[in-house]
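Biologist: Could you take me closely through one helix of this model, with its two sides and its end treated together?

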Amino acid sequence: MFTRAIVRKIGKKIVNGLTTANLGLPDYDTALRQHNDYIEALKKCGVTVTVLDPDEQYPDSTFVEDTAIVTERCAVISNPGAPSRNGEIVHMKEVLREFYPQLEQIQFPGTLDGGDVLQVDNHFYIGVSERTNHEGAEQLAAILEKYDYTSTLVPLKDYLHLKTGIAYLGNSDLVVAGEFSEHEVFHEFHKIYVDADEEYAANCIRVNDYVILPQGYEKTAKKISDAGYSLIELPMTEFRKLDGGLSCLSLRF
Ligand code: CIR
């Protein structure tokens, strides 16, 4: 059960965010509307949302998920692997202190993006990616162990982040796309497969009684709905242009 979420309003500089998507530049006004819809959706799920001011120093700073790992027992400030994003953690550390008096932190030479961390009950899957190096993943595993959590490292082949291609809904239901569809590490889960042409929809989030899904991915929406979940579908076109998905836009705890 999530009671809180932290999001950061988009700034005008969002157009300068990192991307590999080749979908053009995001439109600020549309992105702002989509972000507002996102906040409303979280509220509908019963979550109290802390909305941080835009941070024009960091174009990607609306993707707050990458700056921390928040759990029931601890919070860990990450160490984002993209140099242009690393400074985002400074303010997030201040913000999270209000909720978690004792914060853990990933240290150089370890790097880690929160988007590479998937929690499944008391176990964590940690992607080793272009952003999260082995050292960073090992540091996180060691921190989590102190709090009686277990973890598995998952080297990535293609995806930017682990959660770009995977989401855990609960009840052993795992939404998987691309390289994770047949990955041996996830063999024991009940899989909801996302077709290649709907790959972006694999980054969905379960928030209490709902699964929030990007709008326009009808096959995936049907599969998740058929599995018994209530859906909220949100337009995400502008964030997709920056390789950003639904999970990236909030820290939920
Ligand atoms: C970046 O490349 O860092 C941002 N443009 C997108 C971050 C997406 N975050 C995530 O998947 N957790």
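Modeller: The face of H1 turned away from its buried side carries Arg33 and Lys44, which are exposed (over 50% relative accessible area, against under 20% for buried and partly exposed in between, with a 1.4 Å probe and protein chains only). The model is predicted, so local features need pLDDT of at least 70 and side-chain atom pairs count only at pLDDT 80 or more, whereas totals for chains, interfaces and linings use all residues. Residues are numbered from 1 along each chain as its sequence is written, and side-chain values use heavy atoms, with hydrogens and water left out.

Helix H1 covers residues 28–44, helices being DSSP runs of H or I with at least four residues and strands runs of E with at least two, numbered from the N terminus. From the first C-alpha of H1 to the last, its 17 residues reach 24 Å, close to the 24 Å expected at 1.5 Å a residue (1.5 Å times one less than the number of residues). On its buried side, H1 places Ala31, Gln34, His35, Tyr38, Ile39, Ala41 and Leu42. Seen down the axis of H1, these buried residues fall within an arc of 160° (taken from the directions from the helix axis to the C-beta atoms), so they line one face of the helix. After H1 comes glycine 46, and the phi of this glycine is positive, near 90°.
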